[in-house]
Amino acid sequence: MTRIVHVRSLDPALYEDERTVLLSAGMIRACRLAADSTVKFRFGSASCEGLVRTAAAPAASPGEELGLHPELARRLGIRGGCRLSLVYQPSAATLYAGPLVGVLLSRLYPSQEMPFGSMTAFCRELGKAGEEAGVSLFFFSPEEMHTFPDLAGLYFDGEWRKGVFPVPHVIYNRLTSRKYENKPEVQHFLKAVQLRHQTRIFNDKYLDKNAVFSALGGEASLRDCLPESHPFSNYHMLKAMSGRHPVLFIKPASGSLGKGIFRLHVREDGSCEVRFSALSGTVALHYPDLFEAYSHMAGKIRTQAYQIQEGLDLMTIGGRPVDFRALVQRDGDGEWVLSSIVARIAAEQHFVSNLARGGTMTAVQEALAGSSLASRKGSIQRTLKSTALTVAQAIGSNVKGTFGELGVDLALDAAGRVKLLEVNSKPSREEFSLPSASDEALARPSVRRLLEYAVYLAGFM
Ligand SMILES: Nc1ncnc2c1ncn2[C@@H]1O[C@H](COP(=O)(O)OP(=O)(O)O)[C@@H](O)[C@H]1O
Ligand SMILES: [Mg+2]
């Protein structure tokens, strides 16, 4: 039996005591509570004494209700009108309400319509899905951390409203840059909530391209889909790699959005072409030999960690390289499942397919049908899906950290073999949403699954 209740907290005169917690007789039984008992009532880190009282059966209520004295609701940070779940733990005489999930974003903007900038639509979808699932959600940023252990934030209730919340059961980390993530106050806050309040944090850090490949290197089942990749060290390694692969990709280990990537092509006569994906577009330069090419790249490569990777001969459509991006998520049982997979076609004159570099998105089926691999599209599609899952499972078990969703970038070489390009722990939602006829009013399955995982992490089952 589901123990989701609708919170009502109206007229103080309805309650005999400031600590009153009103529940139906059925709900009291379902939670294994005793009528008229005194419990510790908790919502996230907030805790108050509650007196459980049986509510008179309401005339025509559509669902179960939790009646709270407004003072009790205020002290716990529970707002009237929301839906949440109840779990009673007899050994601790504690009634838990929740789960309360905090979504941590880089910043909040002073705008009623777009308080989270380009993330606003996704946050609204999350807020609605939370309401459906009985999950309390609020949205905050590093700016709000100084009010800890009370956290100011925004919540969605038809429109964006301000509220104050206790430390949540779960934090979904959507900080979109390492700059924010590495701030001492952010690190301190995240450590403190885990230690003091047992808050579970997911997608708690960025993945480094070198760390990903070293974590996956030992997985026998993935051996055939890992292009040769190493942390970039020096000219000698570059020379050795170029002896094995005519095309090499040299990427910032902590980069994203197809930014700052070198593509080096060593021709048979030893001359080199270096293409570089800059913000402004692709730049191509030619050098008489590898050492000259290296000297040109060295200025950049010395400033941060890079990965050097075998360049793959990617499947193309109309001469443009194509790759694939899978969204793999953990479900309400903590198991990895594939939520979606789309193909991305690089823009004209580009060697990276990222949407941020003008790439376009299309259905996998369609991309394959238009390629030289059309006759094998069924089996290739199955392999793409199973590889994405295996990669996510392997990251989940080999990399320290809690990941609820991963974006897995895959490629097909011209022979139709599936290869891993990289794994993202902060997949951008826009990368996966093909326009569909689905009902705008409903949250996408991937958004609902995210919340199911949060419920699982919070232990609200
Ligand atoms: N080894 C490779 N061979 C061919 N193309 C590649 C390779 N690595 C990356 N690319 C292209 O560059 C894009 C960006 O690379 P990726 O590793 O995903 O870095 P980012 O973190 O910047 O997205 C890929 O989506 C793909 O189009
Ligand atoms: Mg990528």
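The paragraphs below lead through this predicted model, from its overall make-up to a barrel, a helix contact, several loops and a metal site.

The protein has 461 residues, of which 52% count as buried, and its secondary structure consists of 11 helices and 25 strands. Taken along the principal axes, the box filled by the C-alpha atoms is roughly 90 × 50 × 40 Å. When contacts are restricted to residues at least 6 apart in sequence, 66% of them join residues that are at least 24 apart.

A convenient place to begin is the N-terminal part of the chain, with its barrel. Seven strands form this closed barrel, in the order S1-S5-S2-S4-S3-S7-S6 and with mixed pairing; from one strand to the next, the twist averages 40°. The mixed character can be followed in individual pairs. Strand S1, residues 4-8, pairs with strand S6, residues 83-89, in the antiparallel sense over 3 bridges, and within this pair Ile-4 stands opposite Ser-85 of S6. Strand S2, residues 20-23, runs in the parallel sense to strand S4, residues 46-54, with 4 bridges between them, and here Thr-20 has Leu-51 of S4 as its bridge partner. On the other hand, S4 is antiparallel to strand S3, residues 38-43, and this pair is held over 6 bridges. Phe-43 stands opposite Ala-46 in S4, and the two strands S3 and S4 form a hairpin with 2 residues between them, where Gly-44 in the turn has a positive phi of about 55°.

The loops that follow contain two peptide bonds that deserve attention when the backbone is traced. Most residues other than glycine have a negative phi, and most peptide bonds are trans. Gly-98 and Pro-99, however, are joined by a cis peptide bond with omega of about -5°, and Pro-99 is found in the loop between strand S7, residues 94-98, and strand S8, residues 100-105. A cis peptide bond also joins Phe-148 to Pro-149, with omega of about 10°, and Pro-149 has its place in the loop between S9 and S10.

The loop between strand S9, residues 136-140, and strand S10, residues 151-156, also holds Pro-142. Is Pro-142 buried or exposed? Its relative accessibility is 11%, and because the limit for a buried residue is under 20%, Pro-142 counts as buried. Leaving aside neighbours within four places in sequence, Pro-142 is in contact with Leu-104, Leu-105, Ser-106, Leu-175, Tyr-180 and Val-186. The C-alpha atom of Pro-142 is 7.9 Å from that of Glu-185, although 43 residues separate the two in sequence.

Two further loop residues stand out by their backbone angles. Gln-198 has a positive phi of about 55° although it is not a glycine, and it is found in the loop between helix H5, residues 184-197, and strand S13, residues 200-202; at 55% relative accessibility, Gln-198 counts as exposed. Gln-349, which lies in the loop between strand S22, residues 336-345, and strand S23, residues 360-363, likewise has a positive phi, near 70°, and with a relative accessible area of 66% Gln-349 is exposed.

Among the helices, H6 and H10 provide a contact that can be described in detail. The axes of helix H6, residues 209-216, and helix H10, residues 377-398, come within 9 Å and cross at roughly 95°, and the two helices are therefore roughly perpendicular to each other. On the side of H6 the contact is made by Val-212, Ala-215 and Leu-216, and on the side of H10 by Val-391, Ala-394, Ile-395 and Asn-398. By class, this contact of H6 with H10 has 6 nonpolar residues, 1 polar residue and no charged residues.

The tour ends at a metal site. Which residues coordinate the magnesium ion, ligand 2? The ligating atoms come from Asp-409 (OD) and Glu-422 (OE), at 2.1 to 2.2 Å. Asp-409 lies in strand S24, residues 405-412, and Glu-422 in strand S25, residues 418-424, so the pair ties together parts that are 13 residues apart in sequence. Both Asp-409 and Glu-422 are buried.

Methods: Residues are numbered from 1 along each chain as its sequence is written. Chains are lettered from A and ligands numbered from 1 in the order in which they are written. This is a predicted model: local features need pLDDT of at least 70, side-chain atom pairs count only at pLDDT 80 or more; totals for chains, interfaces and linings use all residues. Side-chain values use heavy atoms; hydrogens and water are left out. Donors are N, O and S atoms within 2.8 Å of the metal (3.2 Å for Na, K and Ca); water is not among the atoms, so sites may look incomplete. Buried means under 20% relative accessible area, exposed over 50%, partly exposed in between (1.4 Å probe, protein chains only). Two strands pair if DSSP finds at least two bridges between them. Axes are lines fitted to C-alpha atoms, for helices over the stretch in contact, and angles run from 0 to 180 degrees between N-to-C directions. Contact means heavy atoms within 4.5 Å. Angles under 35 degrees count as roughly parallel, over 145 as roughly antiparallel, 65 to 115 as roughly perpendicular and the rest as oblique. Ala, Val, Leu, Ile, Met, Phe, Trp, Tyr, Cys and Pro count as nonpolar, Asp, Glu, Lys and Arg as charged, and the others, Gly among them, as polar.
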